Amino acid sequence: MIKEMYYKVYQDNARLWRWTFYASNSEPIAVSSESYTTLLNCKNAIKIVQSSNFAPIKTADGRLI
């Protein structure tokens with residue numbers, strides 16, 4: 001059975017919401033860089049990440065690759 005990539009949302013020690021994105025092998029590959037006061041805001045942040053698949057990729061000096 002092939003596993004799918006997925007997001008996990010959870011509350012941290014401060015009871016703020018965060019997310020982690022997992023690869024199909026269940027290894028984390030991305031985490032939220034900030035916490036969110038509501039689950040809705042956390043889910044909206046995930047939607048922003050999900051919609052960024054056409055965002056340009058740049059080098060450290062700003063060149064497009």
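## A sheet, a helix and the core between them

Leaving aside neighbours within four places in sequence, cysteine 42 is in contact with Val9, Trp17, Arg18, Trp19 and Tyr36. The model in which these contacts appear is a predicted one. Cysteine 42 offers a convenient point of entry, and the following paragraphs place it among the elements around it.

Cys42 belongs to helix 1, where Ala45 and Ile46 are buried as well. These three residues cover an arc of only 100° around the axis, which puts them on the same side of helix 1. On the other side of the helix, Leu40, Lys47 and Ile48 are exposed. Helix 1 itself comprises the 12 residues 39–50. From its first C-alpha to its last it reaches 17 Å, close to the 16 Å expected at 1.5 Å a residue.

Against what do the buried residues of helix 1 pack? Their partners are strand 1, residues 6–11, and strand 2, residues 17–22. These two strands run antiparallel and are joined by six bridges. One residue of strand 1, glutamine 11, has tryptophan 17 in strand 2 as its bridge partner. Together the strands form a hairpin, with five residues between them. In the turn of this hairpin, arginine 15 has a positive phi of about 65°.

The hairpin is part of a wider arrangement: an open sheet of three strands in the order 1-2-3, with antiparallel pairing. Strand 1 and strand 3, the latter spanning residues 28–31, stand at the edges with a single partner strand each, so one side of each is left without a neighbour in the sheet. On average, neighbouring strands of this sheet are turned by 30° against each other, direction ignored. Helix 1 packs on the sheet, touching strand 1 and strand 2, and its direction makes about 35° with that of strand 2.

Which residues make up the largest nonpolar core? There are seven in all: Trp17, Trp19, Phe21, Tyr36, Cys42, Ala45 and Ile46. Strand 2 and helix 1 each supply at least two residues of this core. In soluble globular proteins, nonpolar side chains tend to be buried together. Cysteine 42, with which this account began, is a member of the core, and among its contacts are the core residues Trp17, Trp19 and Tyr36.

Note on methods: Residues are numbered from 1 along each chain as its sequence is written. This is a predicted model: local features need pLDDT of at least 70, side-chain atom pairs count only at pLDDT 80 or more; totals for chains, interfaces and linings use all residues. Side-chain values use heavy atoms; hydrogens and water are left out. Helices (H or I, at least four residues) and strands (E, at least two) are DSSP runs, numbered from the N terminus. The expected span of a helix is 1.5 Å times one less than its number of residues. Buried means under 20% relative accessible area, exposed over 50%, partly exposed in between (1.4 Å probe, protein chains only). The arc is that of the directions from the helix axis to the C-beta atoms. Contact means heavy atoms within 4.5 Å. Two strands pair if DSSP finds at least two bridges between them. Axes are lines fitted to C-alpha atoms, for helices over the stretch in contact, and angles run from 0 to 180 degrees between N-to-C directions. A nonpolar core is a set of buried Ala, Val, Leu, Ile, Met, Phe, Trp, Tyr and Cys residues joined through side-chain atoms within 4.5 Å.
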